[in-house]
Every structure is written in C-alpha cells, then in structure tokens.
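Grab your viewer and a pencil. Here are some exercises, each with a worked solution right after it.

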Amino acid sequence: MGLPEERGRNGSESHVREEAGAGSRTQSLSPPPEIRRSAHVSSIQRYRELHRRSVEEPREFWGSIAKEFYWKIPCPGPFLQYNFDVTKGKIFIEWMKGATTNICYNVLDRNVHEKGLGDKVAFYWEGNEPEESTQITYRELLVQVCQFSNVLRKQGIRKGDRVAIYMPMILELVVAMLACARIGALHSIVFAGFSAESLCERILDSKCSLLITTDAFYRGEKLVNLKELADEALEKCREKGFPVKCCIVVKHLGRAELGMGDSPSQSPPVKRPCPDVQISWNQGTDLWWHELMQEAEDECEPEWCDAEDPLFILYTSGSTGKPKGAVHTVGGYMLYVATTFKYVFDFHPEDVFWCTADIGWITGHSYITYGPLANAATSVLFEGIPTYPDVGRLWSIVDKYKVTKFYTAPTAIRLLMKFGDEPVTKHSRASLQILGTVGEPINPEAWLWYHRVVGAQRCPIVDTFWQTETGGHMLTPLPGAIPMKPGSATVPFFGVAPAILNESGEEQEGEAEGYLVFKQPWPGIMRTVYGNHGRFETTYFKKFPGYYVTGDGCRRDQDGYYWITGRIDDMLNVSGHLLSTAEVESALVEHEAVAEAAVVGHPHPVKGECLYCFVTLCDGHTFNPTLTEELKKQIREKIGPIATPDYIQNAPGLPKTRSGKIMRRLLRKIARNDHDLGDTSTVADPSVISHLFSHRCLVTQ
C-alpha cells in the first residue's frame with residue numbers, strides 16, 4: 001500500500017532464497033493519504049506499523065475507505081459492533097449498521113455517470129473456442145443489468161428473496177448476479193460442474209424462488225447439457241414438496257427453433273454450431289432470457305439496502321457432510337473486496353486483470369465480479385479450460401488482451417508444468433506485472449516454475465490465503481513491498497489479526513505451529529450460516545471462544561511469515577475445491593453394496609490432493625472394477641465430477657477404536673504407504689491394519 005519495494009529474500013531454503021529474490025520488481029502503489037508517509041523506513045517495518053494501526057483503529061482505517069463509496073444514508077451509529085465469544089452471548093458482527101447503499105449502484109452507476117467510464121471495457125469475454133470472443137463496456141453492462149433487474153421484478157422477485165444461478169462462465173452470469181444485488185435479492189450461485197442433486201440441495205436449503213440457467217455449454221471438448229441437469233434438479237425439488245415456479249434459460253448454444261414463440265430473429269447469435277443439443281422445454285415454468293430482455297426497460301431504480309442486509313449465499317462443504325450456506329452482507333463485503341483487490345494486485349486504471357477461477361466459487365465472486373468492478377477495472381472472463389485447444393491457451397489469452405495481473409490456482413500451475421516450458425515461452429507474456437495464486441497452499445517447486453517461467457523472474461507473486469467464509473484475502477504478500485517466500489501466505493492483510501493457538505487455546509508467540517485463528521472481525525467476514533446460526537457458532541467459534549477458527553493448521557516462522565499446513569478437520573482440498581469427507585462417504589454408502597466407507601486425502605501431482613476411499617461391502621456383494629465404476633458414477637451424480645475418487649480400496653474392516661470411531665489418521669498412513677503409524681494401542685483389531693496395507697491400491701505419485 002504505497003510501500004517502497006524491498007527485493008525478495010529470506011526464502012525457506014538457500015536455493016529458494018536465491019531464485020525467489022532474483023526477479024522482484026519495483027512497484028509504485030497508490031496509497032490513501034493517511035498512509036503516504038515514513039518513506040525512509042524499510043518496507044517491512046512500514047507495513048507492520050500500518051498493519052498495527054489498521055487493527056487497533058478499525059473505524060479510522062475502514063471509515064476512510066468507506067468515504068470512497070456512495071451511501072444513501074451514512075452510518076448513524078457505531079461503525080463496528082461484534083461478539084466473538086460464545087460464552088458471552090450470541091455471535092454477531094455488524095459493520096456500519098444503519099447505513100444504506102447498493103453495491104450494484106457503486107460498481108456500475110457511479111463508474112458510468114460520476115466517473116465518466118461508460119466506454120471503458122468491463123469484461124473481455126473469451127469463449128471455449130479461441131475464435132469466440134466479445135466485450136462489454138460499463139455502460140452496456142449497466143443497461144443489461146437494469147433490464148434484467150426489471151425482468152426479475154416482473155417475475156415477482158423482491159428484496160430478501162433468494163435466486164439460484166446455475167450457469168457457465170458467460171457474461172449473462174455477471175448480469176444475473178448484479179441484477180439480484182440491484183433489487184436486494186440474494187443470489188445463490190451453484191458451480192456449473194455440480195450435479196443435479198447438489199443443485200437441488202442448495203435450492204431447497206435457501207428456498208430459492210427462481211432459477212437462472214443455460215441451455216448448454218462446452219468445456220473443452222465436453223458438451224454439458226446444463227438445462228437437462230437443471231430440469232432434473234427442479235424435478236427433485238418438486239418431489240420434495242418445493243416446486244420452483246420459474247426457470248429463466250439463456251440460449252448459449254441452442255438452435256433458434258427451440259422454445260415457445262422463438263424465431264431466428266429473436267434468438268441471439270449461436271456461439272458454436274451445436275445441432276445435436278436437445279433442450280427440453282417445460283411450458284409454464286421455462287422462459288427464454290433473450291425474449292424477456294427484449295421487453296424490459298433499460299432503467300431500474302436500485303433497492304437501497306442496509307449495510308448489514310445479506311448480499312448473497314454461497315455454499316461451502318461442511319465437515320458434517322451437509323454444505324453450509326455462507327451469508328455475506330452488502331456494506332462490509334463491498335469495502336473488503338474492493339480494498340483487497342486494489343492493494344493485493346496493485347491495481348492501476350490501465351490494468352487488464354484476469355482471474356481464471358469460476359464465479360461459482362468465492363474467488364470468482366470477489367475477484368472477477370465485485371472487487372474488480374468496484375475499482376472500475378477491465379477483466380477477462382474465460383469460459384474454457386487451460387489445455388484446450390492446446391496447453392498454451394492461457395498464455396495466448398494473456399498476449400491477446402495484454403493481461404497485466406494474472407490470478408490462478410496451484411492446480412493449474414502444476415498441470416501446465418507437466419508440459420514443460422516451451423508452451424509458455426513461445427508466447428510473449430511481456431504485459432504481465434503481477435502473478436497470484438489462490439485455492440490451496442502452493443508447493444515451492446510450482447511457485448518457482450511460476451516465477452521463473454511464467455513471470456520470467458520479473459513478476460512478484462501474491463500467494464493468497466482466504467476462505468469462502470472470509471470474503472477476501474486474509475494472508476498475502478503485498479507486491480513489491482513484502483519480501484516473498486515460495487509457499488508462504490506471508491503476512492496478514494490490513495485489519496486482519498491472526499493468532500496461532502495450541503490445543504489448549506493458548507496463543508503462541510514467535511515461531512509456532514498450531515490452529516490458525518483470527519482475533520477480531522474484518523468487514524468481509526460471513527455473518528451466519530443461512531438458516532442455521534447455531535451451526536455458524538459451533539463451526540467457527542465454539543472450539544476457541546473469542547476467536548474465529550479457520551479450521552486450518554498454520555506455522556509461523558522466525559520472520560513472522562505464515563505457512564498454511566492444511567485442514568485440521570476432515571476436509572479435503574482437491575484442485576483448490578474444498579470437499580467434505582463426510583459428504584463423499586455419505587454418497588458411497590447410499591450404494592446398496594456398501595455397508596461403510598471412509599475417505600481420506602492422498603497427495604496428487606496435479607490436484608494437490610485427491611480422494612482415496614475405503615469401502616466395506618455388504619454380505620453377498622463382490623468388489624470388482626464394475627462396482628468401482630458404479631461408485632465413482634454415484635459420487636459424480638450426487639456431488640459432481642470434482643469429487644470423483646482416484647482410488648477406491650476394498651476394506652473388509654476399518655481401523656477403529658474400541659468405541660467404534662474410525663481412525664482416519666491411520667487410513668491416511670495406509671493410503672500413503674507410510675508404516676510409521678505412531679501409537680496404535682487404541683485400535684480394537686490391529687490385524688485390520690496389516691490387511692489394508694497388503695491390499696492397497698496401486699497409486700501414481
């Protein structure tokens with residue numbers, strides 16, 4: 001944040017120190033006036049002083065940032081009130097309660113009408129095929145959002161209603177979510193890779209009154225008939241007594257003659273010839289997006305919302321197996337994503353920013369839609385995958401749009417590493433200035449390849465730690481200001497107060513390892529689990545009263561840098577997507593052949609972690625390749641392709657305590673073929689362990 005650059009150093013090992021420091025680049029950040037001082041102090045010292053002030057004086061720090069946004073009614077009372085201690089009453093967090101605003105107005109209307117940026121490109125859209133591309137300006141985006149806001153209001157959607165969105169990475173997805181925000185409805189976006197069962201579960205949990213989806217889309221060579229999955233989900237909802245009355249369908253690939261009253265003149269351009277896609281049509285429920293938009297007015301007064309009104313629900317996997325609906329609110333989320341985007345990526349008006357995540361995840365919410373638009377940024381929206389039509393696709397897009405700031409997942413980096421340097425180096429990439437990683441800790445080898453090959457040893461890397469629940473970045477270097485260490489999330493963002501606790505809940509000073517927690521709220525923190533505040537309190541605040549518990553283990557080194565060591569509970573991080581072992585186990589035991597199941601993580605060279613499943617069969621069933629495929633198919637249908645196990649092992653017995661608890665610690669050892677088991681005195685039947693070791697799956701390292 002306006003900090004002078006200090007060249008990278010202090011790597012975790014000597015060779016890392018040398019390579020990581022070679023390419024740090026001087027950055028000129030644009031600080032707010034209150035922190036534009038002390039230039040003679042080293043950057044790390046300045047950072048620590050500014051960070052201390054942001055934690056000790058949150059009203060002053062965030063209050064000055066709030067002045068950059070429009071408030072219909074300014075904050076009339078306390079700027080921040082909260083309770084993090086379950087022993088002292090209900091957990092609550094309130095930032096600027098009583099102030100009213102609208103996030104859509106702040107990210108669109110103000111940029112167009114007050115800042116004169118209507119002709120600036122908001123998004124370059126890059127389709128699955130390289131020849132498919134378009135762009136949309138801030139003025140055009142505002143018009144479409146107003147039109148669709150009027151569409152939603154005409155369908156009876158009002159402030160506080162929930163709207164489910166199940167779409168690929170197309171511009172209409174951004175329009176839909178901003179239209180919900182404009183009229184005060186909560187959007188609940190479901191990743192288009194999830195199954196019909198997962199979509200149904202999320203619609204039922206938040207009682208969504210309308211669904212927005214797409215006819216079909218391509219993901220690489222694979223055609224996904226999304227409307228078919230949506231229909232299946234809505235049928236499941238009806239069977240469970242919750243009929244969704246309206247489904248709005250975007251025509252992305254479909255033929256012109258489909259749909260009631262449709263004609264070629266009314267149909268938008270087909271982005272890829274797709275004569276084989278067959279779209280079922282449910283009269284009385286389904287409506288075409290483009291037909292509704294033709295009839296809609298292009299002006300729409302925004303709904304003025306309290307800063308603490310809910311903005312959206314986003315489901316994240318829970319350790320009990322049932323996804324949790326994280327609720328984020330209007331005012332604090334707006335401040336936090338705007339600020340983290342601006343300073344973590346050192347944003348300047350001429351930048352072209354590209355986050356490769358899907359908007360179905362929190363990364364896409366915060367750093368494709370709301371954060372960039374709040375800063376009037378130009379972004380790339382990409383529908384495809386990194387390896388189609390060739391493994392150099394990402395870098396050809398970087399060159400095509402002159403991307404300056406690039407944000408992706410370690411999974412993608414490890415995937416592309418396998419193909420060597422040439423697919424990267426044959427592209428210029430000269431526009432790149434800052435690289436970022438998100439979704440999981442990055443291993444030093446991948447970090448160094450990213451730095452050396454993709455960034456040509458001249459681009460700082462921001463390795464960001466955060467969660468669906470936090471709304472935005474929590475631990476991250478500031479580019480050109482904080483020395484980098486490969487694999488470290490580095491230091492807390494402004495306003496963030498981390499601590500490391502031992503098992504007894506005692507804060508650890510200096511070098512330490514234990515539970516990562518946060519001591520006080522930041523504006524972007526989730527406010528509750530939708531419809532279940534008790535679960536919110538139990539999951540995040542009960543274990544250590546007075547702290548927000550991340551569920552992650554963490555190590556702090558001698559320089560005060562933080563290193564995330566992984567989930568402490570039974571969660572898996574597969575390709576940056578958090579999966580619940582309980583959810584996968586539940587899907588397995590629904591098969592008639594499975595009596596019991598246990599799921600653990602196994603290291604994977606590309607995904608970081610993959611699923612290794614142990615299944616105990618019911619009498620009369622035989623373990624064979626056919627059953628294995630059936631189980632994988634069941635998980636894909638129940639949860640989605642991302643949860644497909646790499647390994648399923650027959651387990652006539654599982655290692656359990658005498659009280660019957662499955663010892664997953666030992667199963668993780670067995671999956672990794674690690675015979676250093678530690679204490680096994682509590683295992684009821686030790687012979688189970690040797691049997692499982694001798695019948696392990698043949699794994700690929």
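**Exercise 1.** At which residues does UniProt place the feature "transmembrane region"?

Before solving, some ground rules: this is a predicted model, where local features need pLDDT of at least 70, side-chain atom pairs count only at pLDDT 80 or more, and totals for chains, interfaces and linings use all residues. Residues are numbered from 1 along each chain as its sequence is written, and side-chain values use heavy atoms, with hydrogens and water left out.

*Solution.* Step one: look up the record. The unreviewed UniProt entry puts the "transmembrane region" at residues 163–185; UniProt positions are in the numbering used here, feature names are shortened, and annotations may be inferred rather than shown by experiment. Step two: check the model over that stretch. Residues 163–185 come out as 57% helix and 17% strand, and the end C-alpha atoms sit 7 Å apart. Helices (H or I, at least four residues) and strands (E, at least two) are DSSP runs, numbered from the N terminus.

**Exercise 2.** Work out what kind of aromatic pair Trp62 and Tyr336 form, then follow Tyr336 to Phe493.

*Solution.* Start with the criterion: rings of Phe, Tyr and Trp (its six-membered ring) pair if their centres lie within 6.5 Å, with planes under 30 degrees apart stacked, over 60 edge-to-face and the rest tilted. The structure holds 41 such aromatic pairs. For Trp62 and Tyr336, the centres are 5.7 Å apart and the planes make 45°, a tilted pair. Next, place the partners: Trp62 is in helix H3 (residues 58–66) and Tyr336 in helix H10 (residues 330–344), so the pair ties together parts 274 residues apart in sequence. Now move on to Tyr336 and Phe493: centres 6.0 Å apart and planes at 90°, so this pair is edge-to-face. Phe493 lies in the loop between strand S20 (461–463) and strand S21 (498–501), 157 residues from Tyr336. Finally, check burial (buried is under 20% relative accessible area, exposed over 50%, partly exposed in between, with a 1.4 Å probe and protein chains only). Trp62 and Tyr336 are buried, and Phe493 is buried too.

**Exercise 3.** Find where Met96, Lys207 and Pro389 sit, and what is unusual about their backbone.

*Solution.* Recall the background: most residues other than glycine have a negative phi, and most peptide bonds are trans. Take Met96: phi is positive, about 60°, and the residue sits in the loop between strand S2 (92–95) and strand S3 (100–101). Met96 has 2% relative accessibility, so it counts as buried. Then Lys207: phi is positive again, about 50°, in the loop between helix H7 (196–206) and strand S8 (210–214). Last, a cis peptide bond joins Tyr388 and Pro389, with omega about -5°. Pro389 belongs to the loop between strand S17 (378–382) and helix H12 (393–401).

**Exercise 4.** Is Gln520 buried or exposed, and what does its side chain reach?

*Solution.* First locate Gln520: the loop between strand S22 (512–518) and strand S23 (528–529). With 16% relative accessibility, Gln520 counts as buried. Its side chain gets to the backbone oxygen of Val55 at 2.9 Å. To finish, list the contacts (heavy atoms within 4.5 Å). Setting aside neighbours within four places in sequence, Gln520 touches Val55, Tyr82, Phe84, Gly495 and Ala497. Of these, Tyr82 and Phe84 belong to one aromatic cluster, which also includes Phe518 and Trp522.

Note on methods:
A polar contact is a pair of N or O atoms within 3.5 Å; within protein, one must be able to donate a hydrogen and the other to accept it, and residues adjacent in sequence count only if both atoms are side-chain atoms.
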